[in-house]
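Here's a short set of exercises to work through with the model open in your viewer. Try each task before you read its solution.

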Amino acid sequence: MYLIRIKHSENLKKILYTLTLISSLLINSQSQEQIQTRIDSITALDEVIIKANTILGNKFVAKNRTGAAYFLSTAELAEFNYTDINRALSKIAGINFYEEDGFGLRPNISIRGTSPERSSKIAIMEDGVLISPAPYSASSAYYFPSIARMQAVEVLKGSSQIQYGPYTTGGAINFVSTEIPESFKGKITTNYGSFNTGQTHSTFGNSFDNFGYMVEYLNYNSDGFKALGNELNTGFDINEITSKIRLNSSDQSLISQSLEFKFHYYDEISNETYLGLTDDDFDINPSLRYPGSEKDKMDAEHTQYLITHQLNLSERFKITSNFYHNGFKRNWYKLDDIVYNGDSQKISKVLSNPDKYSGHMSLVRGELNETDNSLKVKANNREYVSKGIQTKIDYHWYGKNDSFNDLEIGFRFHYDEEDRFQWEDIYNINNGFMSLSKYGDKGSQGNRISSANSFASYIMYKYKLKRFTITPGIRYESIDLERNDYGKSNPQRNKNEVSYRQNKVSVFIPGFGLNYSFNNNVSMFGGLHKGYSPPGSSEGQKAEESINLEIGTRLSYKKFNSELIFYQNNYTNLLGNDLAATGGFGELDPFNAGKALVNGVEFLLRTNLLENNEVSVPFSLSYTLTNAKFLSDFGSTQDIWGEVSNGDRIPYIPKHQLNSSISFQADKYEINLSGNYNGKFSTIANGSVEIPSYLIFDISFRYNLSSDITFRSKILNLFDKDYAVSRAPAGLRPGHPFGIYAGFEYRF
């Protein structure tokens with residue numbers, strides 16, 4: 001790999017500049033043009049990203065981008081060693097989320113007020129490649145990269161992320177997996193704690209002149225903190241294996257290039273459910289699981305193959321290509337309907353009105369033993385494929401008056417599909433335990449294939465003259481969406497009985513960003529771009545579109561670094577999705593929701609309250625204000641939206657979020673304290689039902705036993721606060737209770 005690590009500082013630049021001049025003068029045969037070429041190559045390190053599969057690469061690039069960006073570094077991730085992506089992202093302003101299982105297995109993430117359900121409206125990538133199971137045809141992220149094996153997380157917002165589609169309204173998140181080390185290096189980390197929760201993470205690798213490798217293993221398991229009858233397990237067991245091999249040219253080669261192969265395998269068994277609690281039951285015991293969820297289980301498997309080729313034709317000209325194939329299959333076997341006295345109702349409807357459906361609730365609580373009543377458990381059995389090739393061409397040069405120019409051109413050919421083959425089994429419940437009554441017919445609850453072929457391309461140009469930078473760009477998406485529905489009584493998929501539909505769309509997505517540095521301490525930036533999300537496969541359905549504006553300032557003064565951003569997303573057509581995870585029927589069909597307006601403020605402050613040769617006390621504060629409102633009247637089948645009137649707030653988007661952390665760092669030990677405040681939010685559009693605000697504290701401790709052995713511990717929910725995080729998919733759901741975890745890290 002073409003890796004150059006260099007600190008961006010004026011002093012270092014001057015030193016390198018001087019050394020270049022001296023060496024050039026000593027070699028009489030070198031021309032003035034050759035001298036200038038070397039100087040340019042040094043300066044260029046500040047202007048372009050020189051690592052493959054990243055979108056930022058470091059904090060310096062994030063800080064100097066013409067749009068809002070954040071680079072969550074290895075050191076920041078190590079402060080708490082979070083395995084929950086929600087907790088890890090909470091320190092980044094502009095990111096909204098709601099929890100579901102307390103461990104972050106299936107996060108619901110929003111950036112700048114996009115619909116958070118299953119993180120389906122943001123571009124989620126791992127190593128620069130789309131990682132959702134089917135990003136175009138079924139974007140709900142039932143698979144999500146494990147934060148525990150990442151060495152960095154990169155977040156782009158606003159006009160700075162139109163290179164990364166197809167979702168350009170809110171932003172993009174790129175997870176940077178463990179890289180191949182430059183020399184032999186490895187670590188073994190073990191952790192154990194509350195609810196029999198354990199984690200083992202090991203990695204090692206090495207690099208030689210023309211070859212490098214890395215092997216990684218991660219196991220994360222728990223018995224779960226929820227209480228189900230007969231002490232049944234409500235936890236999970238996840239295993240992951242990652243390996244990388246790199247071949248690269250020698251230093252003497254005229255053209256530098258590398259070829260990296262990555263393989264990743266993920267296996268999950270989790271006893272997770274869509275079934276939450278009524279308000280009364282939550283008040284008594286928020287960690288309760290109803291007996292009717294006894295059989296609920298997710299069985300999932302993900303495989304990724306990624307080939308990355310990087311060609312450095314010169315210091316100024318680079319081409320990076322990715323060939324990728326992601327496969328994901330899962331069967332989430334879970335309670336879907338309750339039948340009482342012949343009346344079958346969805347669990348979301350029963351839990352939202354337990355008094356009206358008191359008989360159904362008695363059944364799901366295991367209080368009835370009548371065989372005429374039953375529970376329908378659906379096997380949400382699906383397989384996904386996501387594959388393609390993408391190439392990025394980058395060329396930079398210097399023009400008149402020492403101006404810097406960078407031209408980036410990218411394109412991607414992509415195909416993905418979701419194959420549904422679902423059924424529903426019937427169970428009785430006796431003495432609080434479920435027993436199988438009847439197997440369902442395979443394919444009777446979903447028997448179809450949804451697919452998408454897409455071509456995407458973009459051009460991004462960066463022009464920098466002294467203190468002024470402008471980055472105009474345009475993205476093009478051409479998408480062909482199809483669906484073949486074989487029907488509920490056609491398990492053999494006879495093609496004569498198929499129902500077919502198709503929707504073709506194409507769009508140009510323009511945007512530009514500006515940045516002006518008044519001096520080395522103060523800069524302003526802004527941008528304007530078009531937000532876009534693809535429609536569904538129904539012919540003629542409109543895409544989600546918006547006009548998005550941002551303006552911000554960055555200030556550095558002595559030890560203080562701050563960022564203040566104002567933004568507005570004006571939707572001409574907001575799209576909702578029919579998800580079972582949000583109380584819908586689970587058909588995944590998008591529907592038009594009309595006009596909407598989202599605006600807000602993002603504030604970030606980082607400083608060091610005390611810094612000397614012995615101790616350091618870093619402090620950070622981030623605040624997000626989000627106003628998200630519908631500007632149209634409409635009705636939906638989604639419990640998460642319901643009947644919507646002009647002026648209603650978009651559900652599951654808190655107006656206020658605040659995160660603050662302070663650390664005490666010494667040579668041998670470190671203490672970190674984090675506080676996260678999530679404001680109240682409505683769970684249906686008219687605001688009649690809400691999730692109360694909550695403030696949760698976490699604390700972590702690190703002690704270096706030796707140069708290569710470290711003891712780490714942490715406490716989640718330090719004050720053991722009972723709090724609700726969601727009413728989706730069905731009923732109230734609790735956040736993680738008090739939990740204490742400890743372990744060791746051995747580095748070699």
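**Exercise 1. Walk along strand 9**

Task: find out how strand 9 connects to strand 10, and what pairs on each side of strand 9.

Solution, step by step. Start at the end of strand 9: a hairpin of 3 residues takes the chain on to strand 10. Strands here are DSSP runs of E with at least two residues and helices are runs of H or I with at least four, both numbered from the N terminus. Two strands count as paired if DSSP finds at least two bridges between them.

Before going on, note what you're looking at. This is a predicted model, in which local features need pLDDT of at least 70 and side-chain atom pairs need pLDDT 80 or more, while totals for chains, interfaces and linings use all residues. Residues are numbered from 1 along each chain as its sequence is written, and side-chain values use heavy atoms, with hydrogens and water left out.

Now count bridges. Strand 9 and strand 10 (residues 211-222) run antiparallel, joined by 10 bridges. One place to check is glycine 205, which sits opposite methionine 214 of strand 10.

On to the other partner: strand 8 (residues 185-193) is antiparallel to strand 9 as well, over 9 bridges. Here tyrosine 192 has glycine 198 of strand 9 as its bridge partner. Strands 8 and 9 also make a hairpin, with 3 residues in between, and phenylalanine 195 in that turn has a positive phi of about 60°.

Last step, the burial. With buried set at under 20% relative accessible area, exposed at over 50% and partly exposed in between (1.4 Å probe, protein chains only), 8 of the 11 residues in strand 9 (residues 197-207) are buried.

**Exercise 2. Lay out an open sheet**

Task: in what order do the strands of the 5-stranded open sheet come, and which are at the edges?

Solution. The order is 1-6-7-4-5, with mixed pairing. Strand 1 (69-72) and strand 5 each have a single partner strand, so they're the edges and one side of each has no neighbour in the sheet.

For a look inside the sheet, take strand 4 (residues 123-126) and strand 7 (residues 171-177): they run parallel, with 4 bridges. Methionine 125 has asparagine 174 of strand 7 as its bridge partner. As a reminder, strands of a sheet pair through backbone hydrogen bonds, either parallel or antiparallel.

**Exercise 3. Chase the salt bridges**

Task: how many salt bridges are there, and which parts does the one between arginine 149 and glutamate 240 tie together?

Solution. Take the rule to be a side-chain nitrogen of Lys or Arg within 4 Å of a carboxyl oxygen of Asp or Glu. That gives 32 salt bridges. In one of them, the closest N and O atoms of arginine 149 and glutamate 240 are 2.7 Å apart. Arginine 149 is in the loop between strand 5 (129-130) and strand 6 (150-157), and glutamate 240 is in strand 11 (residues 236-248), so the pair ties together parts 91 residues apart in sequence. Both arginine 149 and glutamate 240 are buried.

Now widen the view: Glu126, Asp127, Arg149, Glu240, Lys244 and Lys262 are linked in a salt-bridge network.

Then try glutamate 272 and arginine 733, whose closest N and O atoms are 3.7 Å apart. Glutamate 272 is in the loop between strand 12 (256-270) and helix 6 (279-284), and arginine 733 is in strand 37 (residues 733-734), so this salt bridge ties together parts 461 residues apart in sequence. Glutamate 272 and arginine 733 are both buried.

**Exercise 4. Check the overall build**

Task: what radius of gyration does the protein chain have, and how much of the chain is buried?

Solution. Use C-alpha atoms for the radius, and 2.2 Å times the number of residues to the power 0.38 for the globule rule. For 748 residues the rule puts a compact globule near 27 Å, and the protein chain has 26 Å, which agrees. The C-alpha atoms fill a box of roughly 95 × 60 × 50 Å along the principal axes. As for burial, 58% of the 748 residues count as buried. To finish, tally the secondary structure: 8 helices and 38 strands.
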